[in-house]
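Work through these short exercises with the model open beside you. Try each task before you read its solution.

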Amino acid sequence: MKEWANVSKAVLCFLLMTIVMSVLVFFTIKADSSSLDSRNKLLVIQAISSVVQSALAGVVASLLVFNRVMPQFVERNVNIGVFMLAVIGIGVCQPLVSWASFVNEMLLTKFHLDWAIEFQKVSNATVAHLISFETPTDWILSIVVIAILPAFCEEIFFRGVLQRTLIKATSSTASGIALSAIFFSLMHFDIAGFLPRAILGVMLGLIFYYSGNLWLSILAHTINNAAVVIMLGLTTDTNNTIEKQLSQSAENPGPWLPIVSLLLCIYIVYRFKAWHSMTKSNIDIE
């Protein structure tokens, strides 16, 4: 019962910080600041969203659940091999994520969830306006605000706090990781991207659990986000804008690529699990 109370505390912290973030964003948009152009305002809003909604929620939840300002980042000391497993793992799961995007899109069409599709169009337009690659500074800002900051902040809450409390509450590693991944996807408030984001959440959860190192899941999350930003930047021109790329229908990857991706993911997790069983934990009792 105590463990489920901790889960409730964590979820309530996130929802409360979402409300706080919404209020801050409202006043940021409302404020008349001639020193900020529209893109810079969006970057500020994105940064506020990441820090308040996820990182601050993680800090408050960690205080309530673990009696410490931050969840423990390093439960196990990793070597270069485990570091590479995390990088490879987030890479090999991408075809599976792409397949999930295709399935997600089919389900939206099949069940006539037009509101979700329209919301996705608005979101794509915002992202396209947010990302700009006219100067090297634009590249740096986009990667920092869209890739690095959200990865760091979200991992603090979703893996560092929520996943750990769910594993204890359910007494099941698989259930804890799956539930935290579902919540991770739902709390992006984007039904059009639910399945691919949930699969990504599962892989990040497995990386954190078996490596015992939150920095590795932060790294993997950053690589995933940065890859998207960089690919959009490299493939953008006058005839192929970012908004056009984002609005394109997901392609069917065929049956074999997702299967190979799944098998590779299973192998990576197996290697993580083998390393996990051979190393000693230095986690604090919480």
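The exercises below deal with a predicted model.

**Exercise 1. Find the helices that supply the largest nonpolar core, and the contacts of Phe183.**

Step 1. Start with the core. The largest one has 23 residues. Phe14, Phe157 and Phe183 are among those with the most contacts inside it.

Step 2. Turn to the helices. At least two core residues come from each of α1 (2–30), α2 (38–66), α6 (136–170) and α7 (173–186).

Step 3. Look at phenylalanine 183. Set aside its neighbours within four places in sequence; it then touches Val11, Phe14, Phe157, Phe158 and Leu162.

**Exercise 2. Locate the partners in the salt bridge of glutamate 75, and decide whether they are buried or exposed.**

Step 1. Find the partner. Glutamate 75 pairs with arginine 164, at 3.4 Å from N to O.

Step 2. Place both residues. Glutamate 75 sits in the loop between α2 and α3 (80–92), while arginine 164 belongs to helix α6, 89 residues apart.

Step 3. Apply the cut-off: buried means under 20% relative accessible area. Glutamate 75 has 12%, so it is buried. Arginine 164 has 8%, so it is buried.

**Exercise 3. Explain how glutamate 155 and arginine 159 are placed in helix α6.**

Step 1. Check the pair. Their salt bridge has its closest N and O atoms 2.6 Å apart.

Step 2. Count along the helix. The two residues are four apart in α6, so about one helical turn separates them.

Step 3. Recall the rule. An α-helix has 3.6 residues a turn, so residues three or four places apart point the same way.

Note on methods: Residues numbered from 1 in each chain as written. Predicted model: local features only at pLDDT ≥ 70, side-chain atom pairs only at ≥ 80, totals over all residues. Heavy atoms only, no water. Core = buried A, V, L, I, M, F, W, Y, C linked by side-chain atoms within 4.5 Å. Buried < 20%, exposed > 50% of the residue type's maximum accessible area, 1.4 Å probe, protein only. Contact = heavy atoms within 4.5 Å. Salt bridge = Lys/Arg side-chain N within 4 Å of Asp/Glu carboxyl O.
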